[in-house]
Amino acid sequence: MSGDLFRVLGLDRRADLTDEDVRAAWRRVAATTHPDRGDGGDPAQFAEAAAAYTVLRTPSGRGEALADLLGPSSSAAAPDTATGTSSVLVRTWRQLRGGRPGRLVLRLTVIAAVAAVSVLAVGWRPASFAVIAGALTWLARTCRNDLADRG
């Protein structure tokens, strides 16, 4: 898929695009490229536009796409030349420091409490793994904003 999702839908790269702007652009592109058209449309371009719309239809998706287009920031971790691997720990530390570490600690505390209370209430059973996995899934799905840069 093309790197510029905004170009695929014929949109300007602006942070103030609304959901309706993106929806209108998607409908315009879909109407001209849909494979069910009488002339056969353009299935490849339709698929690319559908993938672009999937990302750009939400404000957070548009923000991520804009960030991807701007490229890595100066605070991004450079690859570690000594080992040849990217410095994941440094990048995570910078994200945590720039985000909301207090909220992340609170979320981790809630997960530990839920896991402990569930195991204490019913004992260690096979379902305990499911409760703990659900709590960890909740953390993974919601901590993204805690690691995001506030600025």
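**Group meeting: ring pairs and a nonpolar patch**

I start with residues 74–85, where pLDDT (the predictor's confidence in each residue, from 0 to 100) stays under 50. For that stretch the model has 12 contacts (heavy atoms within 4.5 Å) beyond four places in sequence. This is a predicted model, in which local features need pLDDT of at least 70 and side-chain atom pairs count only at pLDDT 80 or more, while totals for chains, interfaces and linings use all residues. Residues are numbered from 1 along each chain as its sequence is written, and side-chain values use heavy atoms, with hydrogens and water left out.

The mean pLDDT of the protein is 77, and 74% of its residues reach 70 or more. Among the elements, H2 has the highest mean, 94, and helix H8, residues 144–147, the lowest, 63. Helices here are DSSP runs of H or I with at least four residues, numbered from the N terminus.

Now the rings. How many aromatic pairs does the structure hold? There are 2. Rings of Phe, Tyr and Trp (its six-membered ring) pair if their centres lie within 6.5 Å; planes under 30 degrees apart count as stacked, over 60 as edge-to-face and the rest as tilted. Tryptophan 26 and phenylalanine 46 form a tilted pair, 5.5 Å centre to centre with 40° between the planes. This pair links helix H2 (residues 19–33), which holds tryptophan 26, to helix H3 (residues 43–56), which holds phenylalanine 46, 20 residues apart.

Tryptophan 26 is also paired with tyrosine 53: the centres are 5.4 Å apart and the planes at 15°, so this pair is stacked. Because tryptophan 26 lies in H2 and tyrosine 53 in H3, the pair ties together parts 27 residues apart in sequence. Ring pairs thus link Trp26, Phe46 and Tyr53 into a cluster.

Are these residues buried or exposed? Buried means under 20% relative accessible area, exposed over 50%, and partly exposed in between (1.4 Å probe, protein chains only). Tryptophan 26, at 17%, counts as buried, and so does phenylalanine 46, at 18%. Tyrosine 53 is buried as well.

Last, helix H6, residues 101–122. Serine 118 sits in this helix and is buried, at 16%. Not counting residues up to four places away in sequence, serine 118 touches Gly123 and Val131. Valine 110, also found in H6, counts as partly exposed at 37% relative accessibility.

Terms used. Helix = DSSP H or I, 4+ residues; strand = E, 2+ residues; numbered from the N terminus.
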